[in-house]
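Hello,

Here is the structure I promised to hand over. Please open it first, then read my notes below.

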Amino acid sequence: MTETVQTEKLEGSEKLKGSEKLTTRTKVLYGVADLGAAMVTSSINFFLLFFYTDVLHIDPGLAGMALLTGKLTWDAINDPLMGYLSDRTRTRIGRRRPYMLAGAVPLGLATWLLYSIPGKLSGVIAFLAIVGSFLLFDTMYTVIHVPYVSLTPELTHDYEERTALTTVRMIFSSLGYILGAASTTAIVGWFQGLGWTAKASYSGVGAVFGVIATAVVLTTALSIRERRTEVEPSRMPPVRALLQSFRNRTFVRLVVAYFCNSVA
């Protein structure tokens, strides 16, 4: 009797483990969303400040300060806030996908707007235009990307499958980052060959990358299915949770590693 029960438990665990396996199609459909996100991020990192200073002729100090202000005042807040919200979202299609579906088109529009602010701006107006467009883009990017990255444990509980998912995602991310950096000037040159001005050509870049980002995010959100989770989000207050996290030495080492990578 005991042997029969143990055998049934073993068979049940093997079935459960088998159900954790993901198809290659699922992994690819999950990872492809990071292609568009990485292309946009790469283009912004390499060319947005150039666009402000050399195309729109905005004062470099003012443009740099505007971007820094946006990052310091909002970028450090919206990621944990979005994670807090998505953890507590409950819908029939999951808690991550609704944000991806709702934010895909706004992300594309925000990407286009980032490269489409008016020319000949100066002073406070230029500062506000840069900060406003950046905050809009950063908000929509966070609405998409935080739930997207959080999908990994929603798709499988298997450690090896999660590692494979992340590997596929990072392959698409690396490819997207290279394509974004390499294709920005090529797209600008193509538009200028059609007789567009430099400003209009960069606006075209924003539109192209915006369409790509929207398309791949929708592809992922519409193609995969979240599994229902019975795990309840932490009820610990956010500030206390943050302080508690920094008592974890492994987490602190990871944060330091990410910081050094970002600086580099």
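Contact here means heavy atoms within 4.5 Å. Among contacts in the chain between residues at least 6 apart in sequence, 81% join residues at least 24 apart.

Some ground rules. This is a predicted model, where local features need pLDDT of at least 70, side-chain atom pairs count only at pLDDT 80 or more, and totals for chains, interfaces and linings use all residues. Residues are numbered from 1 along each chain as its sequence is written, and side-chain values use heavy atoms, without hydrogens and water.

The whole chain: it has eleven helices and zero strands. Helices (H or I, at least four residues) and strands (E, at least two) are DSSP runs, numbered from the N terminus. The C-alpha trace spans about 85 × 45 × 35 Å along its principal axes. Of the 264 residues, 40% count as buried (under 20% relative accessible area, 1.4 Å probe, protein chains only).

One helix pair: α2 (residues 24–31) packs against α8 (residues 159–193) at about 45 degrees, with the axes 8 Å apart. Axes are lines fitted to C-alpha atoms, for helices over the stretch in contact, and angles run from 0 to 180 degrees between N-to-C directions. That angle makes α2 oblique to α8 (not under 35, over 145 or 65 to 115 degrees).

Who meets whom? K27, V28, Y30 and G31 in α2 meet E161, A164, L165, V168, R169 and F172 in α8. These residues divide into six nonpolar, one polar and three charged (Ala, Val, Leu, Ile, Met, Phe, Trp, Tyr, Cys and Pro are nonpolar; Asp, Glu, Lys and Arg charged; the others, Gly among them, polar).

Best wishes

Definitions and conventions: Buried means under 20% relative accessible area, exposed over 50%, partly exposed in between (1.4 Å probe, protein chains only).
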